[in-house]
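Let's walk through this model together, beginning with its charged side chains and moving on to strands, helices and a few unusual backbone angles. Have the structure open and follow along.

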Amino acid sequence: YHGIKIKGKKNLKKVKGGCVVFSNHVNTLDCAFSLVNVITPRRGYIICNPDAVRMPVVRVLTKMLGALPVPDALAAFRNFNDAVDGKLKSGKTLVVMPEAHIWPYYTGIRDFPATSMKYPVELDVPSFALTTTYHRRRFSRKPRTVTYLDGPFYPDRSLPPRARAQALRDEIYETMVGRSKESDCEYIRYVKKEAST
């Protein structure tokens, strides 16, 4: 129905233990696409906004898919980080959408900070770039979805932690930007609003 095609899923087989998948956030069903279609048969967990586990219908699906909501309270972050560390150390897959907010059908890659690389850098685990692109369909206005999985990417241990995070972020970001150029249609066009004077 959604016309989803996955390319590069075999890249995940290059890694035996825990890893982090960084994905662009361009569809309301990103969680299902990322976890069910790409990561299976691995067990995955997705870092998400707390609202995802509060919405009546969606929360059931997100919990089943392994949602890890970012805590609202600063005091809860220690437990949250311990939970994430435990998942990765036990060989699970963590999905992070570093762009944070969803822009449905957006065909570019939005900037994201090097702090997104916290877990692969601190735990020295490999990362992947998951990029969703959109393509024309012959008999429908709604585009076909092609998702690319690139990697693995490894933190450069010769660099200090902050530079290591920045280098990994740049490598993943540039890979995603390159893949995003595969899109050949704009279902929704985003126009930058000029600041009013």
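R169 is a good place to start: its relative accessibility is 10%, so it counts as buried (buried means under 20% relative accessible area, exposed over 50%, partly exposed in between, with a 1.4 Å probe and protein chains only). Before we go further, a word on the ground rules: this is a predicted model, where local features need pLDDT of at least 70 and side-chain atom pairs count only at pLDDT 80 or more, while totals for chains, interfaces and linings use all residues. Residues are numbered from 1 along each chain as its sequence is written, and side-chain values use heavy atoms, with hydrogens and water left out.

So what does R169 do with its charge? Its side chain meets that of D111 in a salt bridge, 2.4 Å from N to O (a salt bridge being a side-chain nitrogen of Lys or Arg within 4 Å of a carboxyl oxygen of Asp or Glu). That pair links distant parts of the chain, 58 residues apart: R169 sits in helix α5 (residues 161-180), and D111 in the loop between β5 (93-96) and α4 (118-123). Helices (H or I, at least four residues) and strands (E, at least two) are DSSP runs here, numbered from the N terminus. D111 is exposed, with a relative accessible area of 59%, whereas R169 is buried. R169 also forms a salt bridge with D170, with the closest N and O atoms 2.9 Å apart. D170 is partly exposed at 24% relative accessible area. Through shared partners, D111, R169 and D170 end up in one network of salt bridges.

The structure holds 7 salt bridges, and another one worth a look is D150 with R179, where the closest N and O atoms are 2.9 Å apart. D150 lies in strand β7 (residues 144-153) and R179 in helix α5, so this pair ties together parts that are 29 residues apart in sequence. D150 counts as buried, at 11% relative accessibility, while R179 is partly exposed, at 26%.

D150 also leads us to the strands. In β7, D150 is the bridge partner of A129. β6 and β7 run antiparallel and are joined by 8 bridges (two strands pair if DSSP finds at least two bridges between them). What about the neighbour β2? Strand β2 (residues 19-23) runs parallel to β6, with 4 bridges joining them, and V20 stands opposite S127 in β6.

How many residues of strand β6 are buried? The count is 9 of the 9 in β6 (residues 127-135), so this strand is largely enclosed by the rest of the structure. In a regular strand the side chains alternate between the two faces of the sheet. Here S127, A129, T131, T133 and H135 point one way from β6, F128, L130, T132 and Y134 point the other way, and all are buried.

Now over to the helices. Y119 is found in helix α4, and with a relative accessible area of 8% it is buried. Leaving aside neighbours within four places in sequence, Y119 is in contact (heavy atoms within 4.5 Å) with V20, I47, F80, N81, V84, D85, L88, L94, D124 and V125. With N81 there is a side-chain polar contact of 2.6 Å. A polar contact is a pair of N or O atoms within 3.5 Å; within protein, one must be able to donate a hydrogen and the other to accept it, and residues adjacent in sequence count only if both atoms are side-chain atoms. The C-alpha atoms of Y119 and V84 are separated by 8.2 Å, with their positions 35 residues apart along the chain.

One of those contacts, D85, deserves a stop of its own. D85 has its place in helix α3 (residues 77-89). Which side chain of opposite charge is nearest to D85? That is K89, 4.9 Å away, and D85 is buried yet has no salt bridge. For charge, Lys and Arg count as positive and Asp and Glu as negative; His and the chain ends are not counted. Apart from neighbours within four places in sequence, D85 is in contact with Y119 and L123.

Finally, the backbone. Most residues other than glycine have a negative phi, and most peptide bonds are trans. A100, not a glycine, has a positive phi of about 75°, and Y105 has one near 60°. A100 has its place in the loop between β5 and α4, and Y105 is found in that loop too. Y105 is buried, with a relative accessible area of 15%. Over in strand β7, where P152 has its place, the peptide bond from G151 to P152 is cis, with omega near 5°.
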